[in-house]
Amino acid sequence: EVGGDAGEGGGRGSSGTGARVRVTFFEIHGKKAFDLLRGRAEVHLRADAEGEVHVRGAAEAEVRGAGALMDLLAGALALRSCEVTERNPISSRSHAVCHITVLGRRQKGEK
């Protein structure tokens, strides 16, 4: 499982005061969706009355700094499903959606 409080002072080059970033990352495979931040736990896509799609049950991780973000994304990408196809030795048979929200810089002493 990737996630938890992945930004708590960890990651490559993290100073603990970098930009705060929230991430959700899921994969759509056939008619199902899987959370890549929670070990491929199944999540559900739902559309509201305005047609906006919401992901129900997806984890949201908060990280600080580019290194922590890259570590989080690498772990999530490693969970994507891949298969051998007639044309490609390794092919993802799905679509991955990564939603990144940049919140701004965290001030020293702020939690």
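**Strand pairing and pocket lining in a predicted model**

Leaving aside neighbours within four places in sequence, Thr-24 is in contact with Leu-37, Ala-59, Glu-60, Val-97, Cys-98 and His-99 (contact means heavy atoms within 4.5 Å). Thr-24 belongs to strand E1. Helices (H or I, at least four residues) and strands (E, at least two) are DSSP runs, numbered from the N terminus. Thr-24 counts as buried because its relative accessible area is 16%. The classes are buried under 20% relative accessible area, exposed over 50% and partly exposed in between, with a 1.4 Å probe and protein chains only.

The model is predicted: local features need pLDDT of at least 70, side-chain atom pairs count only at pLDDT 80 or more, and totals for chains, interfaces and linings use all residues. Residues are numbered from 1 along each chain as its sequence is written, and side-chain values use heavy atoms, with hydrogens and water left out.

The protein chain contains 1 helix and 8 strands. Along the sequence these elements follow the pattern β-β-β-β-β-α-β-β-β. Of the 111 residues in the chain, 30% are buried. Among contacts between residues at least 6 apart in sequence, 63% join residues at least 24 apart.

Confidence varies along the chain. The predictor's confidence in each residue, pLDDT, runs from 0 to 100. The chain averages a pLDDT of 79, and 68% of the residues score at least 70. Confidence is highest in E3, at 95, and lowest in strand E7 (residues 91-92), at a mean of 59. Over residues 1-15 the pLDDT is below 50, and this stretch has 31 contacts in the model beyond near neighbours in sequence. Where pLDDT is low, the predicted coordinates should not be read in detail.

Strand E1 pairs with E8, E5 and E2. Two strands pair if DSSP finds at least two bridges between them. E1 and E8 are antiparallel and share 10 bridges. One partnership places Val-21 with Val-102 in E8. E1 also runs antiparallel to strand E5 (residues 61-64), with 4 bridges. Here Arg-20 stands opposite Arg-64. A further 4 bridges link E1 to E2, again in the antiparallel sense. In this pairing Glu-27 stands opposite Phe-34 of E2. The hairpin of E1 and E2 has 2 residues between the strands, and Gly-30 takes a positive phi near 70 degrees.

Phe-25 also lies in E1. Its relative accessible area is 6%, so Phe-25 is buried. Residues up to four places away in sequence aside, Phe-25 touches Phe-34, Asp-35, Leu-36, Leu-37, Leu-73, Ala-76, Leu-77, Ala-96, Val-97 and Cys-98. Phe-25 and Ala-96 are 71 residues apart along the chain, yet their C-alpha atoms are separated by 7.2 Å. In a regular strand the side chains alternate between the two faces of the sheet.

A second hairpin joins E3 to strand E4 (residues 53-56), which run antiparallel with 4 bridges. Ala-47 stands opposite Val-53 in E4. This hairpin has 5 residues between the strands, and Gly-51 takes a positive phi near 85 degrees. A positive phi also appears at Arg-40, near 70 degrees, in a residue other than glycine. Arg-40 sits in the loop between strand E2 (32-35) and strand E3 (41-47). With a relative accessible area of 25%, Arg-40 is partly exposed.

The largest pocket has a volume of about 170 Å³. On a 1 Å grid over the protein atoms alone, a pocket is an open set of points where a 1.4 Å probe fits, with protein on both sides within 12 Å along at least five of seven lines; lining residues have an atom within 4 Å of a point. Grid points are joined across faces, edges and corners, and the volume is the space filled by probe spheres set on the points. The lining comprises Arg-22, Val-23, Thr-24, Phe-26, Val-55, Ala-58, Glu-60, Val-97, His-99 and Thr-101. Strands E1 (19-29) and E8 (95-105) each supply at least two of these residues. E1 gives the most, with 4 residues. By class, the lining divides into 5 nonpolar, 3 polar and 2 charged residues. Ala, Val, Leu, Ile, Met, Phe, Trp, Tyr, Cys and Pro count as nonpolar, Asp, Glu, Lys and Arg as charged, and the others, Gly among them, as polar.
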